[in-house]
Structure formats: structure tokens, C-alpha cells
Amino acid sequence: MQYFSPALENLVEHFAKLPGVGVKSAQRLAFYVLSLPEEEASAFAKAIVDAKAHIHCCPICQNLTEGDGPCGICASARRDNATICVVADPKDVVAMERSREYTGQYHVLHGVLSPMNRVGPDDLHIRSLVERVSAGGVEEVIMATNPDTEGEATAMYLSRLLKPFQVKVTRLAYGIPVGSHLEYADDATLIRALEGRREI
């Protein structure tokens, strides 16, 4: 027996595809969207379509940006171009910026190496990182991937790739608990992790 109309079932299924959203939460979200006035529902749908159409990767660091050219961080004259902090996802840039301690550049991989999930080096933005470092002017690369198995494996793989360029490769100190994620770390923990980074 079908409880919902096909259109509502379709909406629930799409919400359920979001990370961390189960079937019951998806149903609540679908019913909430249906309860919105027509203008608000249209504005919500337009915001999704507009974001998808206008947000793209920065040609330098691969962070999410809008408009032509590099993102605001890469374009800023106040950032230290000699230091690159490598993170797995754009949300990790937000976490690092919250600490207000880091003033260098970023490089976003858009994932980590994960043989179980069939994610290899060619699936990540690794080649552009190597090109940035090989171009010269970079003195330190900070590996800020999550301190879990996949994050560690990615950091070690990148450190081996970057060794020939005589660049200092460091890893965030373990002020961040093993198994946690950068986006959930508090500011003090991130500051301690940055200050206590070590060479790989």
C-alpha cells in the first residue's frame, strides 16, 4: 500500500540521499517544504539551482568559489604564499579559518584516498597540488587531513610525492582526537594542533 503520492515519495527519496538524513528526517523535511508558501518554496529551489550553477572550484586551490578567477583567499595579498595547508574538503577550510591563526594558502583535495571506496590518486586534486609546489616559492605544506586511517594514508602518500621538491612537509599535531573531523573541532583545539604540527 502506498502512503504518499509519487511526487511526495520522490521528494522524500531526494532528501534521504542527503548525508545524515534518514527516512523519517527526510519525511519531516518533505512535509515542511510542502507547508511553505509558494514563494518560499520557489526561493528555496532557486537557491539550490543558483548555487549549483554559479559555485565552482578555484583554479588555484580547488576551494569552492563564485565568479571568474581565484577565490578570495588565493587573491588576498595578506596571505602567506609560502605555506599551503592541504585539506580534504571545502568545509575543512572553514574550520581552519575559524581558528584565525593560519594565514597561508589552502589546497582542497575533495576527498581522501580510500581503496575500499575506490578513491585513488586520480580521483583527487593531487596533480594540481604537485604542480603548485613544483612551480617554486612554497616552503611548507601542512597536511590537515582528518586523523583517521584514510586521512593518515593520504598525508603519507602526499608527503612522499612532495619530498623531491625539498619542501618541508608537516602534519597537524594530535590536538584533534583520532577519529574525529576538523569541522567539529573547537577553536582552541585547532590552534593547538596548528602550533604543534610536526614534520612527516
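**Notebook: cores, cysteines and helix packing**

I began with leucine 172 and, leaving aside its neighbours within four places in sequence, found it in contact with Ile142, Met143, Ala144, Leu182, Ala193, Leu194 and Arg197. I note here that the model is predicted.

**Entry 1. Cores**

I then looked up the core to which Leu172 belongs. The largest nonpolar core has 21 residues, and Leu172 is listed with Cys85, Val87, Met96 and Tyr106 as touching the most other members. I recorded the elements that give two or more residues to this core: α4 (72-75), β3 (80-87), α5 (90-98), β4 (104-108) and α8 (187-195). I also found a second core, separate from the largest one and made of 17 residues, with Leu109, Leu124, Leu162 and Val169 among them.

**Entry 2. The chain as a whole**

I counted eight helices and seven strands in the chain. The C-alpha trace spans about 65 × 35 × 35 Å along its principal axes. Of the 200 residues, 38% count as buried. I also looked at contacts between residues at least 6 apart in sequence, and 56% of these join residues at least 24 apart.

**Entry 3. Helix α5**

I listed the buried residues of α5 as Pro90, Asp92, Val93, Ala95 and Met96. These residues pack against β2, α4, β3, β4 and α8. Just after α5, I noted a positive phi of about 60 degrees at arginine 100.

**Entry 4. Cysteines**

How many disulfides does the whole structure hold? My search of it returned zero. A disulfide is a covalent bond between the sulfur atoms of two cysteines.

I asked why cysteine 58 has no bond to the closest cysteine sulfur. That sulfur belongs to cysteine 61 and is 3.8 Å from the sulfur of cysteine 58, so the two are too far apart for a bond; the cut-off is 2.5 Å. Cysteine 58 is buried, with a relative accessible area of 0%.

Cysteine 74 is likewise in no disulfide. Its nearest cysteine sulfur is that of cysteine 61, at 3.6 Å. I recorded cysteine 74 as buried, at a relative accessible area of 14%.

**Entry 5. Helices α1 and α2**

I examined how helix α1 (residues 6-16) and helix α2 (residues 23-35) are placed. Their axes come within 8 Å and cross at roughly 125 degrees, and α1 and α2 are therefore oblique to each other. I logged the crossing of α1 and α2 as right-handed. On the α1 side, the residues that meet α2 are Leu8, Leu11, Val12, Phe15 and Ala16. Their partners in α2 are Val23, Ala26, Gln27, Leu29, Ala30, Phe31, Val33 and Leu34.

**Entry 6. Helices α6 and α7**

In helix α6 (residues 127-134), I found Ser128, Leu129, Val130, Arg132 and Val133 buried. What covers them includes β3, β4, β5 (140-143) and α7 (149-162). I looked at the contact with α7 in particular: Leu129, Val130 and Val133 in α6 meet Leu158, Leu161 and Leu162 in α7. The axes of α6 and α7 come within 11 Å and cross at roughly 40 degrees. This crossing of α6 and α7 is right-handed. Glycine 136 follows α6 and has a positive phi, near 95 degrees.

**Entry 7. Proline 147**

I located proline 147 in the loop between β5 and α7. Is proline 147 buried or exposed? Its relative accessibility is 8%, so proline 147 counts as buried. I then computed its separation from arginine 171: the two are 24 residues apart in sequence, and their C-alpha atoms are 9.6 Å apart in space.

**Entry 8. Two glutamines with positive phi**

I closed with two residues, neither of them a glycine, that have positive phi. Glutamine 62 has a phi near 70 degrees and lies in the loop between β1 (55-57) and β2 (64-66). Glutamine 62 is buried, with a relative accessible area of 9%. Glutamine 166 has a positive phi of about 55 degrees and is found in the loop between α7 and β6 (168-171). With a relative accessible area of 72%, glutamine 166 is exposed. I therefore entered glutamine 62 as buried and glutamine 166 as exposed.

Definitions and conventions: Residues are numbered from 1 along each chain as its sequence is written. This is a predicted model: local features need pLDDT of at least 70, side-chain atom pairs count only at pLDDT 80 or more; totals for chains, interfaces and linings use all residues. Side-chain values use heavy atoms; hydrogens and water are left out. A nonpolar core is a set of buried Ala, Val, Leu, Ile, Met, Phe, Trp, Tyr and Cys residues joined through side-chain atoms within 4.5 Å. Buried means under 20% relative accessible area, exposed over 50%, partly exposed in between (1.4 Å probe, protein chains only). Helices (H or I, at least four residues) and strands (E, at least two) are DSSP runs, numbered from the N terminus. Contact means heavy atoms within 4.5 Å. Axes are lines fitted to C-alpha atoms, for helices over the stretch in contact, and angles run from 0 to 180 degrees between N-to-C directions. Angles under 35 degrees count as roughly parallel, over 145 as roughly antiparallel, 65 to 115 as roughly perpendicular and the rest as oblique. A crossing is left-handed if the near helix is turned anticlockwise from the far one by less than a right angle, and right-handed if clockwise.
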